[in-house]
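Trainee: Please show me the structure, and I will ask about one helix, the DNA and the two chains in turn.

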2 protein chains.
Amino acid sequence: MKSESLELKAEMLKALAHPTRLKILEKLQDGPCCVCKIIPYVGGEQSNVSHHLAILKRAGIVRDKKKGKEVWYEVCDPAVFSLLRIINQIILKNLKNKQKIMEVL
Amino acid sequence: MKSESLELKAEMLKALAHPTRLKILEKLQDGPCCVCKIIPYVGGEQSNVSHHLAILKRAGIVRDKKKGKEVWYEVCDPAVFSLLRIINQIILKNLKNKQKIMEVL
DNA sequence: GTATTATATAAGTATATGCTTATATTCTTA
DNA sequence: TAAGAATATAAGCATATACTTATATAATAC
């Protein structure tokens, strides 16, 4: 992969780097979901959620499908959940290390 | 993990979500490295690189160690590289899917 | 055709982020 | 002690991001 791929990587990471968007992905982990269900799950304004969904879609993380008045979203590549699990591990390890340092002091 | 962990996750992802910082991590993949080596590798102003290193450090992604006038940085948890590999996969898959769609059109 | 529903998009505003220039701090050497 | 090297931090400014309110668009029902 070429050096401009750093830009692509940064773009995708930036698309993931927001609690509301992570919350959306949390919901989509169970499978495709209608916006009408995502909004109450996530909380916040409809337009805000819609905007966050657009960011995820533009980044290629989710895709949408219209069904009548409804729009359903699903994750494009489940590998994104593996990624989030690694983040979990790193954070847990960080917290444990911080605890250890506190015990030494 | 509790729901405030979404904030922690977003924070860490945000710390990763910049091409300069990804470039730094690329350098640190080979092992600990002095700032004096990171700066020319990454390019850009010394102060800018220093600032990016501070962001990575604050996020718990890297740690530093002073050696005389020099400061050496290393990655705290190599799992971050696994994370970056997954990002690679996702992006590659996206590009391939885009290619397929182009062929259909 | 009108009204309602579901959702995307626009516009405005506050805050965050990123880069550059300048400066501060620490360490080493002569 | 002064000078130079290495790096962190401050300040200023431009741009990006995030949220709210308002509006546009498409689908459905009557």
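## A helix, a DNA strand and a pair of chains

Mentor: α4(B) is followed by B:G60, whose phi is positive, near 80°. Keep in mind that this is a predicted model.

Trainee: What span is expected for α4 of chain B at 1.5 Å a residue?

Mentor: Helix α4 of chain B covers residues 46–58, which is 13 residues. The distance from its first C-alpha to its last is 18 Å. That is close to the expected span, 18 Å.

Trainee: Which residues of α4(B) are buried, and why are they on the same side?

Mentor: An α-helix has 3.6 residues a turn, so residues three or four places apart point the same way. The buried residues cover an arc of only 100° around the axis, which puts them on the same side of α4(B). They are B:V49, B:H52, B:L53 and B:L56.

Trainee: What covers the buried residues of α4(B), and which exposed residues are on the face turned away from them?

Mentor: The cover includes the helices α1 (5–16), α2 (19–28) and α3 (35–42) of chain B. Strands β2 (62–67) and β3 (70–75) of chain B are also part of the cover. The face turned away from the buried side carries the exposed residues B:S47, B:H51, B:A54 and B:R58.

Trainee: Which element gives the most residues to the surface near DNA strand D?

Mentor: There are 22 residues around DNA strand D, and those that come nearest are A:G68, B:V35, B:C36, B:S47 and B:S50. Elements giving two or more residues to this surface are α4 (46–58) of chain A and α3, α4 and β3 of chain B. By type, the surface holds six nonpolar, 10 polar and six charged residues. The element that gives the most, with six residues, is α4(B).

Trainee: Which helix supplies the largest share of the side of chain B that touches chain A?

Mentor: In chain B, 31 residues are in contact with 31 residues of chain A. On the chain B side, α1, α2 and α5 (79–104) each supply at least two residues. That side divides into 18 nonpolar, seven polar and six charged residues. The largest share, 13 residues, comes from α5(B).

Trainee: What relation does the superposition of chain B on chain A show?

Mentor: Chain B is superposed on chain A by a rotation of 180° with 0.0 Å of shift along its axis, and the RMSD is 0.0 Å. The same surface serves both copies, as 100% of the contact residues of chain B recur in chain A. The relation given by that rotation and shift is that of a two-fold axis.

Notes:
Residues numbered from 1 in each chain as written. Chains lettered and ligands numbered in written order. Predicted model: local features only at pLDDT ≥ 70, side-chain atom pairs only at ≥ 80, totals over all residues. Helix = DSSP H or I, 4+ residues; strand = E, 2+ residues; numbered from the N terminus. Expected span 1.5 Å × (residues − 1). Buried ≥ 20, exposed ≤ 12 C-beta atoms within 10 Å, placed from the backbone. Arc of directions from axis to C-beta. Contact = placed C-beta atoms within 7 Å. Near = placed C-beta within 6 Å. Nonpolar A, V, L, I, M, F, W, Y, C, P; charged D, E, K, R; others polar. Least-squares fit on C-alpha atoms with pLDDT ≥ 70 in both.
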